[in-house]
Every structure is written in structure tokens, then in C-alpha cells.
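Please look through the sequence and the model shown here before reading on. The paragraphs below are meant to be followed with the structure open beside them.

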Amino acid sequence: MTVNGSTRVGLGRILVVLTTLIAALVLPAAVSNAAPVPAPAAPQMVSFDKQMIALINKARTDRGLPALQEARGLTSVSLYWSNQMNAGATGYKLAHNPNAWTQVAENGASNRTTWGENVAWSSSTSTPAQEIFDAYMASPGHRANILGSAYRYVGMGTVGGSRGLWNTTEFTDKVESGQVVSTPSATPTVSVKEGDFVYDEGSRLYYRIAGGAPVVVSSWTSFGGIQPYKRLTAAQFNKLPDYPRDGTFVADRGTGVVYRIAGGAPIFVTSWAQFGGVKSVTWIDGAAIRYANKGGAWNHLLWYPRNETFIIASGSSTVYRVLWGKLHYLSSWSSVGGVKPTTVVDKNAIAKAGSGGAYNHLKK
């Protein structure tokens with residue numbers, strides 16, 4: 001067995017210990033003498049453990065790593081060891097489980113090839129999950145387990161007693177069928193901001209966030225190669241808006257041409273002077289503009305603004321109503337039931353609508 005050491009780190013009254021095993025270097029015995037995992041003697045701190053898993057998964061998904069799924073057997077092993085420490089089996093000292101490698105195999109992870117364990121203690125049972133998590137993340141070895149790219153499953157077991165709080169976390173790359181407690185769709189919402197690159201696990205495609213919405217990245221070439229990205233489950237991705245917010249400025253990364261979003265469509269910007277000076281833009285894949293609304297991933301931009309989009313020509317108060325891409329002069333708001341939200345667009349994009357190239361996102 002190859003063990004990547006045991007480390008004790010003191011942070012106030014919180015102690016953490018880790019052990020990591022790379023199973024590719026190990027050929028475990030076919031028959032184990034490890035004791036079976038009994039029912040926990042102290043009740044699991046369920047809410048605490050859910051918070052810990054959520055914190056771990058947020059840290060992972062924020063860095064483009066897949067969220068971990070909780071596995072029943074791994075949680076059983078975690079609870080067993082936390083109870084052993086809580087009951088004094090280690091002399092009330094923080095230590096790793098010497099039989100964990102075999103026990104996880106006997107509890108639903110016989111197919112595992114990589115395993116890791118983090119262990120923590122706090123003198124107070126009221127210690128927040130965030131403090132334990134922060135202690136782990138402050139230690140390079142524990143952080144490496146939490147952010148291990150090979151891991152896909154986690155077991156979390158925390159109990160409390162007269163001597164404080166004991167936490168054990170087990171990580172593996174594989175578990176047997178039927179072991180998963182939660183699914184990726186139950187993971188926390190991932191926070192994304194303007195300009196972030198994301199990977200959709202459902203479509204297996206990359207996107208860039210522009211105006212809050214995902215705009216497909218068909219090639220990394222124009223961005224100088226692959227960029228850091230956040231991984232989203234299909235459920236998380238589907239919660240994003242379909243189209244960028246009206247008024248968002250985007251630019252074709254390949255040509256440098258700038259557009260302003262109106263009704264989900266990119267409207268050509270001929271000069272920043274039309275908007276009172278240079279504005280912040282989000283650079284996107286030019287192919288997403290050229291193939292706007294062509295189906296599938298291209299549908300996060302429209303070729304023409306949605307019907308009933310209202311736009312104003314820059315430098316004026318002239319309002320147009322867009323229907324099927326065609327501009328209709330609006331003489332009075334009363335004709336459409338009252339004042340509607342509007343987006344100011346370049347007056348030249350209106351004057352030259354349909355004349356070719358970047359002007360073809362509007363029609364006269």
C-alpha cells in the first residue's frame with residue numbers, strides 16, 4: 001500500500017489529517033481482515049454533512065471540475081471512522097482510518113482505483129461547516145483531495161460528542177451501481193459572471209457568458225487556445241437565460257466587429273460615437289454570430305430580433321417595432337397598448353438595414 005503521508009495541521013482548535021492512496025500502485029489482497037462497518041453509534045450531523053458536500057462541489061465546479069456525488073457506502077465508512085474517534089478508539093486523537101482502503105471496497109466501491117481521505121476535529125460541536133472546509137482548503141494535501149480531478153464520489157460522516165466534532169470524508173473515482181445518493185442536478189447553483197467560459201455536461205460543448213447567457217464557442221483558436229472554464233451540469237446550464245440581455249455589447253473575436261444585442265440578435269455597431277464613447281464588450285466566437293439561430297447550440301443568438309422588439313435609433317427619439325426582422329416605424333405607443341422597453345441601436349444599422357454583411361440582422 002502506498003500512502004501519501006499523514007499530516008496534522010492546527011488551525012485554532014481545528015485539526016485536520018489526510019491520507020491519500022493511489023490505487024494504481026497497489027494490488028489489494030483478495031480477502032480482507034478489515035472489520036465490517038457497523039451502524040454508527042452517534043447520530044450523523046446530516047445538515048452539517050450536506051453543507052460540507054455543497055462547499056466541496058462549489059469549490060470544484062468553480063474551477064471547472066465535476067461535482068462529486070455522495071455514495072452510501074462511502075458515507076457508511078466515513079461515519080464508522082468518525083464514531084471510532086469519537087468513542088476513543090484512537091485515544092481521542094485525530095488519525096486516519098488504517099483499514100479505509102479495504103472498507104470502501106467492502107461497502108460499494110470494490111471497483112475503485114483511486115481513493116483519498118480527509119479527517120478533521122474541532123473542540124466545539126457548533127463549529128460551522130465553513131470553518132472545517134476552510135481548514136481543509138488551507139492545507140495543500142487536503143485541498144488536493146477536495147479538488148482531485150480523478151474523484152467522482154464522496155462519503156461524508158460527521159458526529160459530535162463530549163470531546164467535540166469529528167469529520168471524515170472519503171473520496172473515490174468509482175462506486176458500484178446503486179450506491180449514489182444524490183445526482184449532479186442536486187448540486188449547488190454555479191455562479192457565473194460576464195465573460196466566464198463554461199462547459200455544459202449535457203451537450204459537451206463550451207460557451208462564453210455574454211449578457212448572462214451562454215454563447216457557443218465552436219473553436220478555441222480565436223481565444224488563443226483553451227481557457228479556464230466552469231463545468232455546469234445539464235440542469236445548471238438549462239437555468240441560464242436563452243439569449244443575452246438587451247443592450248449587451250459583444251464583439252467578434254476574429255474580426256473585431258462590434259454588435260449590440262436587441263431582442264436576442266446582434267445589431268451592427270459602426271462607431272462608438274453613436275453611444276457616447278467606448279463601452280465594455282464581451283468577445284465571442286464569430287461563428288456564433290454567422291450561424292445565429294441555425295439550430296442546437298447556435299440558437300443562443302437570433303439572426304433577427306424577436307417579434308415585438310422595440311428599438312430606438314441612436315441620437316434620436318425615433319422608435320421602431322420589429323416584426324420578422326422588418327423595421328416598422330412607430331408613430332405612437334398607443335398603437336401597441338402603451339410604452340414598451342426599448343434598446344438604443346446604431347442609427348446606421350437602421351439606415352442600411354438589409355444592405356449586406358453585418359447590416360443584415362435587420363430588414364426594411
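What follows goes from the whole protein to one helix, and then to some of the strands.

The model is a predicted one, and the protein in it has eight helices and 18 strands. Of its 364 residues, 50% are buried, while the area that the protein exposes comes to about 16,300 Å², with 52% of that supplied by carbon and sulfur atoms. When contacts between residues at least 6 apart in sequence are considered, 67% of them join residues that are at least 24 apart.

A suitable place to enter the structure is helix α2, which covers residues 72-86. Its 15 residues reach 21 Å from the first C-alpha to the last, close to the 21 Å expected at 1.5 Å a residue. Twelve of these 15 residues are buried, and the helix is therefore largely enclosed by the rest of the structure. Among the buried residues are Gly73, Leu74 and Thr75 towards the beginning of the numbering, and Met85 and Asn86 towards the end of it; Tyr80, Trp81, Ser82 and Asn83 are also buried. The cover over the buried residues of α2 includes one further helix, α3 (100-106), together with the strands β3 (69-70), β4 (114-122), β5 (153-161) and β6 (164-172). Just after α2, the backbone at Gly88 takes a positive phi of about 95°.

Within this helix, Ser78 can serve as a point from which to look outwards. Ser78 counts as buried because its relative accessibility is 0%, where the cut-off for buried is under 20%. Leaving aside residues up to four places away in sequence, Ser78 touches Gly155, Met156 and Gly157 as well as Thr168, Thr169 and Glu170. A further pair to locate is Ser78 and Val159, whose C-alpha atoms are 9.9 Å apart in space although their positions lie 81 residues apart in the numbering as a sequence separation.

Strand β4, part of the cover of α2, contains Glu117. Glu117 also has a relative accessibility of 0%, and for that reason it counts as buried. A polar atom of the Glu117 side chain lies 3.0 Å from the backbone nitrogen of Asn97.

Further along the chain, strands β7, β8 and β9 are linked through two hairpins. Strand β7 (residues 197-200) and strand β8 (residues 205-210) run antiparallel and are joined by four bridges, one of which pairs Asp200 with Leu205 in β8. Four residues separate the two strands of this hairpin, and Arg204, in the turn, has a positive phi of about 60°. Strand β8 then pairs with strand β9 (residues 213-217), again in the antiparallel sense and over five bridges, with Ile209 standing opposite Pro214 in β9. This second hairpin has two residues between its strands, and Gly211 in the turn has a positive phi of about 60°.

The last region to examine is an open sheet of four strands, in the order β13-β12-β11-β14, in which the pairing is mixed. Its edge strands, each pairing on one side only, are β13 (265-269) and β14 (282-284), and the twist from one strand to the next averages 40°. Inside the sheet, strand β11 (residues 249-252) and strand β12 (residues 258-262) run antiparallel and are joined by three bridges, and the bridge partner of Val250 in β12 is Tyr259.

Conventions:
Residues are numbered from 1 along each chain as its sequence is written. This is a predicted model: local features need pLDDT of at least 70, side-chain atom pairs count only at pLDDT 80 or more; totals for chains, interfaces and linings use all residues. Side-chain values use heavy atoms; hydrogens and water are left out. Two strands pair if DSSP finds at least two bridges between them. Axes are lines fitted to C-alpha atoms, for helices over the stretch in contact, and angles run from 0 to 180 degrees between N-to-C directions. Buried means under 20% relative accessible area, exposed over 50%, partly exposed in between (1.4 Å probe, protein chains only). Contact means heavy atoms within 4.5 Å. The expected span of a helix is 1.5 Å times one less than its number of residues. A polar contact is a pair of N or O atoms within 3.5 Å; within protein, one must be able to donate a hydrogen and the other to accept it, and residues adjacent in sequence count only if both atoms are side-chain atoms. Accessible areas come from the Shrake-Rupley method with a 1.4 Å probe; for residues, only the protein chains shown count as cover.
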